[in-house]
Structures are given as C-alpha cells and as structure tokens.
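Good morning, and thank you for coming. I shall go through one structure today, beginning with its ligands and ending with its backbone.

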Amino acid sequence: MAAENNPLGLDVASAARDGSVQSNGPVALITGITGQDGSYLTELLLDKGYTVHGIIRRSSSFNTGRIEHLYEDPHRDSRRLVLHYGDMTDTTNLLSIVQIAKPDEVYNLAAQSHVKVSFELPEYTADVDAVGVLRILDAIRAANLGKQVKFYQASTSELYGLVQEVPQSETTPFYPRSPYAVAKQYAYWIIVNYREAYNMFACNGILFNHESPRRGATFVTRKITRAVAKIAAGKQKVVYLGNLDAKRDWGHARDYVRGMWMMMQAEEPEDFVLATGETHTVRSFCDAAFKVIGVELTWQGEGIEEVGISSVTGEPVVKVDPAYFRPTEVDLLLGDPTKARTKLGWVPEVTFDALVRDMVVADLEEIGAGDKVVAAK
Ligand code: NDP
Ligand code: GDR
C-alpha cells in the first residue's frame, strides 16, 4: 500500500486520550506493537476478544505496515485496537498511557532488537532495553495497578551468550555477549526482583530466535529469503553474509506469541524458555532457502573466501563479507523447551523447513515472482 494511503497516518492517539474507548473483555497493552511479534500477538489477542492498546513511535515515515490490516477508525467508540504515540525512553508518557489503558496484561516487546546494531548504539540500547523496562514497571506501580496487572517481558536466548551448557534451559547460567544481551540481562533481573519485592505477576519469556515473513529485513533469515526471491527473479546476483557457522534454534513467530499468552494465563508468574529443540547453521538456512527455488548450493573455500555456488548457474550466490561479523559472537543456541511443554502445554507447530518455505514463498510473492517456487518433495 502506498504510504500516502496508509490509514494509520491519522492522529491515532487523540481519541484514546479523551477516554472514549470502552472495553467489555480483557485489556492488553503491547509495547513494540509495530514489530514482528507485536503484530502477531495483536492478531491473537483481538481474536480472543481483548481490547488491545499499542504504543507506536513517532516516525517521519510510516512504521505501521505490519498492523495495517488490523486498523480501526479511531473515531469509532467500539474499536478494540487503540494506538498511542510513545517511547520507552519517556517516563511521563509511559505513565500516561498506562493510566489511560488500565491494562490487565502488559506485553513489553519494545526494544532496539538488533544485536549487531547494539555494538554501535550501546547507550541507546541500554536506555530502551534495560531502563525502559524499569520505567514501565514503575509506571504500573505509580498508577497503583501493580497487584492487578500481569507483565510479560521479552527476554532472550542471547542471555546465554558464550556457551555454558547445551541445550540451554531456565537454569543455564547467563553470559551475555553484546550490549543488547547485557541490557536484556538487566531487564530479566528487574522482572525477577519486582516479582519478589512487590508480588507482581511478572514473567520472563526466554525466547529463542523466531522468524516469519514479517521478520525485519536485516536479520539473517529474512535477509537470506529476500535475497533468494530477488535472485530467482533476476534482480540480484549475490547475497553477502557474515558468520555462516553460527547456529540458531529457529522457530515461527506465530507459535511463540501463543506461548507468551500462555505464560500470562498460568496460575503463578514464572520464567519459561520457548524453543524448538533443533539447531541449524546459517549455512544450512541458506541451503533450505535456495532449495525452495530449486537451487542446490555447493560450498567451496574457507573463512572469508567461502562461497555458495548455485547448481543452476554455476556462479556464487552466497559470499562472505566480514563487515557482518560481530565483535563477540554467540556461536551456538539450542533451547530445551521442556518446562513450557510440561507446565503450559506449549508445543511449536511449524517445522524448520516449513518456516523457511513460508518466508521464501512470501518474499517471492511480494516481488511478483510466485511462479519460481518449486514444489516441496
Ligand atoms: P522488532 O525489532 O521487530 O520490533 C521491535 C519493536 O520495538 C518495534 O515495534 C519498534 O518500533 C519498537 N521499539 C524500538 N525502540 C523503541 C522505543 N525506544 N520505544 C518504543 N518502541 C520501540 O522485534 P521482534 O518483534 O522480533 O521482537 C520483539 C521483542 O522480543 C524484542 O524485545 C526483542 O528484543 C525480543 N526478542 C526477539 C526474538 C526474536 O527472535 N524475534 C527472540 C527473543 C527476544 P518501530 O517499529 O518504530 O521500530
Ligand atoms: P540474532 O539474529 O543476533 O540471533 O538476534 P540475527 O538474525 O541478526 O543473527 C543470527 C546469526 O546470524 C549470523 N549472521 C548474520 N546476521 C545478520 N543479521 N546479518 C548477516 O548478514 C549475517 N550473517 C551471519 C549472526 O552473526 C548471528 O550469529 C535475534 C534478534 O531477534 C534478537 O532481538 C533476539 O533476542 C535473538 O534473535 C534471540
């Protein structure tokens, strides 16, 4: 949709500030509603009858593409999706939104979420991803909602960092390896502390990587699937990547937002790992993604000389660019989701191959090259 036609270009927050939104069912507040997880979680909660308040950032261009399809006219009193301008760095703003929304459940998904970027923006990342969590927790307490509100914190497998134990579970020690992960470690512990100190229902979801067609384009999976689509359509020749040996436990975001909601329905607030229990290298993600367009890759060379050669053209379609290496890397993530399975009944439904296919097909369709998909065997 062209930006000028985007209905979310309206002054989305004004009606909410008048207090004109009535809700019958439960009320959720989602920070980071415009992100990958925020958009899937909003769909899930609206389906379940929630009124959803979301915080969006003011931007010079529209940043609401992932939730456009859920938009409701802000002048309709019966709407169940209410958007507020806000920012995790603004205490007064967060307090005001909490007072207006009066949520039953808060899902704190907002973050500067890119690990590599956190090395370039360490202070900002700490402000948003660490202190931002404290700000919203205290806004809830200041609004005297501390006892009633349930709080979900988007914690991360990046906390495990330098490998201490495999697979990683709720009891594995942390060893964060980036400014992002260090900030998220503060967030993790402030959640635990507020739970113990003030008896808040606050829980950490320690989520391993989860992807989807809505994944940000600079994360490795989406970077690969977009490149595969463009290469299939003849619009790109090569994709440059960093560390091909990194191993990740990749699941589908739709499965993971369901797990977030399940944690919030538990009797007691607890911390849970969500993961698939399978790990794959970046290289094997490339293999699976190119397979969707009928291309087998042969890997030649080592280190920064390594290339992935296409079975169709005999030319390299994957090359290494050290610019994408990180100062400190997380080599291996493999989660153990036993606690979530046994206590919550959470089981991921989308397999690795289905996830990769979903992403490549969506990217092919987006550029009008859906005919390049090869039938799955
Ligand atoms: P995205 O990067 O897609 O979304 C992040 C969201 O946070 C966006 O809505 C973004 O707004 C918003 N945001 C960023 N900075 C601020 C700020 N200063 N104030 C208010 N909002 C802000 O992330 P995901 O959806 O993938 O992840 C959701 C959360 O889960 C994040 O906290 C992430 O760190 C964490 N996480 C993610 C995992 C994954 O594999 N996806 C795994 C484990 C944890 P805008 O759209 O304007 O940029
Ligand atoms: P990650 O995701 O750092 O695990 O954080 P990302 O997709 O950025 O990297 C995964 C692995 O791939 C390697 N890699 C590359 N990464 C990117 N972005 N670009 C490349 O070109 C590239 N080449 C290789 C990386 O070095 C890394 O090892 C994500 C985010 O969603 C976090 O917010 C979340 O907390 C964790 O997942 C769990």
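Which atom of ligand 1 lies 3.0 Å from a polar side-chain atom of Tyr-124? The partner of Tyr-124 is a nitrogen atom of ligand 1. I call such a pair a polar contact, meaning two N or O atoms within 3.5 Å; within protein, one must be able to donate a hydrogen and the other to accept it, and residues adjacent in sequence count only if both atoms are side-chain atoms.

Before going further, some conventions. This is a predicted model, in which local features need pLDDT of at least 70 and side-chain atom pairs count only at pLDDT 80 or more, while totals for chains, interfaces and linings use all residues. Residues are numbered from 1 along each chain as its sequence is written, chains are lettered from A and ligands numbered from 1 in the order in which they are written, and side-chain values use heavy atoms, with hydrogens and water left out.

Let me stay with ligand 1. Met-88 uses a polar backbone atom, placed 2.9 Å from a nitrogen atom of the ligand. Arg-57 instead brings a polar side-chain atom to 2.8 Å from an oxygen atom of ligand 1. On its own, ligand 1 has 900 Å² of accessible area, and the protein covers 89% of it; areas of this kind come from the Shrake-Rupley method with a 1.4 Å probe, and for residues only the protein chains shown count as cover.

The shell around ligand 1 holds 25 residues, and the closest are Thr-34, Arg-57, Ser-113, Tyr-180 and Lys-184. A residue belongs to such a shell if one of its heavy atoms lies within 4 Å of the molecule. By class, there are ten nonpolar, ten polar and five charged residues around ligand 1. Here Ala, Val, Leu, Ile, Met, Phe, Trp, Tyr, Cys and Pro count as nonpolar, Asp, Glu, Lys and Arg as charged, and the others, Gly among them, as polar.

Which elements supply this shell? At least two residues each come from α2 (36–47), α5 (122–142), β5 and α6, and β5 gives the most, with three. Helices (H or I, at least four residues) and strands (E, at least two) are DSSP runs, numbered from the N terminus.

I turn to ligand 2. It is surrounded by 22 residues, the closest being Ser-113, Thr-156, Tyr-180, Arg-326 and Glu-329. Ser-113 and Tyr-180 are thus named among the closest residues for both ligands. Three side chains make polar contacts with oxygen atoms of ligand 2: Lys-223 at 2.7 Å, Arg-215 at 2.9 Å and Arg-248, also at 2.9 Å. Taken alone, ligand 2 exposes 700 Å², of which the protein buries 95%. Its shell divides into eight nonpolar, eight polar and six charged residues.

Where does ligand 2 lie with respect to the domains? Domain 1 (3–212 + 250–274) and domain 2 (220–247 + 280–331 + 352–372) both give residues to its shell, so ligand 2 lies between them. The domain bounds come from an automatic or database domain assignment. The domain centres, taken over C-alpha atoms, are 31 Å apart. Twelve residues of domain 1 are in contact with 19 residues of domain 2, contact meaning heavy atoms within 4.5 Å.

Next, Asp-249, in the loop between β9 (247–248) and β10 (251–252). Is this residue buried or exposed? Asp-249 is buried, because its relative accessible area is 0%; buried means under 20%, exposed over 50% and partly exposed in between, with a 1.4 Å probe and protein chains only. Its side chain reaches the backbone nitrogen of Gly-277 at 3.1 Å and has a polar atom 2.9 Å from the backbone nitrogen of Gly-335. Beyond its neighbours within four places in sequence, its contacts include Phe-208, Tyr-256 and Leu-333.

I close with the backbone. Most residues other than glycine have a negative phi, and most peptide bonds are trans. Lys-102, in the loop between α3 (91–101) and β4 (105–108), has a positive phi of about 45° and is exposed at 55% relative accessibility. Asn-199 lies in the loop between α6 and β6 (201–207), with phi near 60°; at 57%, Asn-199 is exposed as well. Finally, the peptide bond from Val-166 to Pro-167 is cis, with omega near -5°, and Pro-167 sits in the loop between β5 (150–156) and α6 (179–198).
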